[in-house]
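Hi,

Here is the structure I said I would pass on. Have a look at it first, and then read my notes underneath.

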Amino acid sequence: MNIVGLEYLVFGVDDIAGARQSLLDYGLEEAEYEPLKGGRYLALDGTGMIVRAGDDPSLPPLPPKASTPSLRETVYGVRDADALSTIRSHLEAERTVSVDNDGTVHCIDDAGFGVAFTVTRRRSYDARYLGFNVPGQPPGRAPNDCAANPDEEIKPRTLSHVVYFVEDVKKAEAFYTRLSFVVTDRFNHLGPFMRPAGMLDHHTLFMIESQNDHMIGCNHFTFHLGSGAEVLQHGWNFVKKGYKSFWGPGRHILGSNFFWYFNSPFGALIEFDADMDQHDDSWVPRACDPGSDNSQIFLFDARNKWAPGE
């Protein structure tokens, strides 16, 4: 169905000002903002976040057992109007659908989450080329081009993925499979990593079957940065601004992406990630038991800076 990836995540929050500041510190561009209503925040390619007051009547309903702050809708970008028409017809055949004036198609998925589809508005952008000097390969940077810049302005490049806690993972997976999502890997007895058929990232969606009736909703979300080094540097900048590290920095095994997770005012963790694997249709999904041995290939904890002589 030519879904090319995440376009927007829509959150309802209690603390609009706090949510705004966290996204500005995260590095997103503020496209619009009203103190009592919320705002819209963009990565370099135009994908991003929409933040609204939790009682805004324009928001989709809360997922079952969720409370504000919470993810209210996940918006996927599709290639063109024909792809959007195909998705609309598919959804209208099995559930209630609403359509905006711009053609965006909205519904509730089988896990109770709001989901929408729109023709993508991704844009091209200029950003520093990140080359790496590796013995045995041509240099990735020119002589005298220093990679470490304490004043580097690091910007998220594109919306990466979102993770749900769901009550019935098989039912939730089946909904997205009918929309041509592909399972890339799976944690046994927990849930699948899935990508839309129109793109190659290891996953835009990971679903976890909750073992706790109160643990339903968004677990975390993230944007892609340009490199593992950017995850470390920008995450460290987050620490210095007072944000509380939850998990990381480290590197996952399934997907291979660098990660660093932080607490946030969104009712979900916010992550920095980079260098995710890509897979085509020849890939054979892996399945493994969940746990620390299969979650990260390495993991560190943030600590205070150290210098020789201190």
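Let me start with one residue, Arg141. If you skip the neighbours within four places in sequence, Arg141 is in contact with Arg128, Gly131, Phe132, Asn133, Cys146 and Ala147. Bear in mind as you read that this is a predicted model.

Where does Arg141 lie? You'll find Arg141 in the loop between β8 and β9, the latter being residues 158-166. Two backbone oxygens have a polar atom of the Arg141 side chain beside them in the list of polar contacts: the one of Asp145 lies 2.9 Å from such an atom, and the one of Gly131 lies 3.3 Å from such an atom. Leu130 is 11 residues away from Arg141 in sequence, and their C-alpha atoms are 8.0 Å apart in space. As for exposure, the relative accessibility of Arg141 is 21%, so Arg141 counts as partly exposed; the cut-off for buried is under 20%.

Next, the sheet. Eight strands form an open sheet with mixed pairing, and if you walk across it the order is β2-β3-β4-β1-β5-β8-β7-β6. The edges are β2 (29-34) and β6 (98-99); each has a single partner strand, so one side of each is left without a neighbour in the sheet. At the β6 edge, the pairing with β7 (residues 105-108) is antiparallel and runs over two bridges. One residue pair to click on there is Val99, whose bridge partner in β7 is Val105.

There is also a helix to look at against this sheet. Helix α2, residues 81-92, lies across β1 (3-13), β5 (70-78), β6, β7 and β8 (114-119). Relative to β8, helix α2 runs at about 150°.

Now the whole protein. How many helices and strands does the protein have? There are five helices and 18 strands. The radius of gyration is 20 Å, close to the 19 Å that the globule rule gives for 310 residues, so the protein is as compact as a globular protein of that length. Along the principal axes, the C-alpha atoms fill a box of roughly 65 × 50 × 40 Å.

Buried residues account for 50% of the 310. The accessible surface comes to about 15,000 Å², and carbon and sulfur atoms contribute 51% of that. Finally, taking the contacts with a separation of 6 or more, 66% are between residues 24 or more positions apart.

Cheers

Technical notes: Residues numbered from 1 in each chain as written. Predicted model: local features only at pLDDT ≥ 70, side-chain atom pairs only at ≥ 80, totals over all residues. Heavy atoms only, no water. Pairing = 2+ DSSP bridges. Helix = DSSP H or I, 4+ residues; strand = E, 2+ residues; numbered from the N terminus. Contact = heavy atoms within 4.5 Å. Axes fitted to C-alpha atoms, helices over the stretch in contact; angles between N-to-C directions. Rg over C-alpha atoms; globule rule 2.2 N^0.38 Å. Buried < 20%, exposed > 50% of the residue type's maximum accessible area, 1.4 Å probe, protein only. Areas by Shrake-Rupley, 256 points an atom, 1.4 Å probe, with all protein chains shown as cover. Polar contact = N/O pair within 3.5 Å; in protein donor to acceptor, adjacent residues only side chain to side chain.
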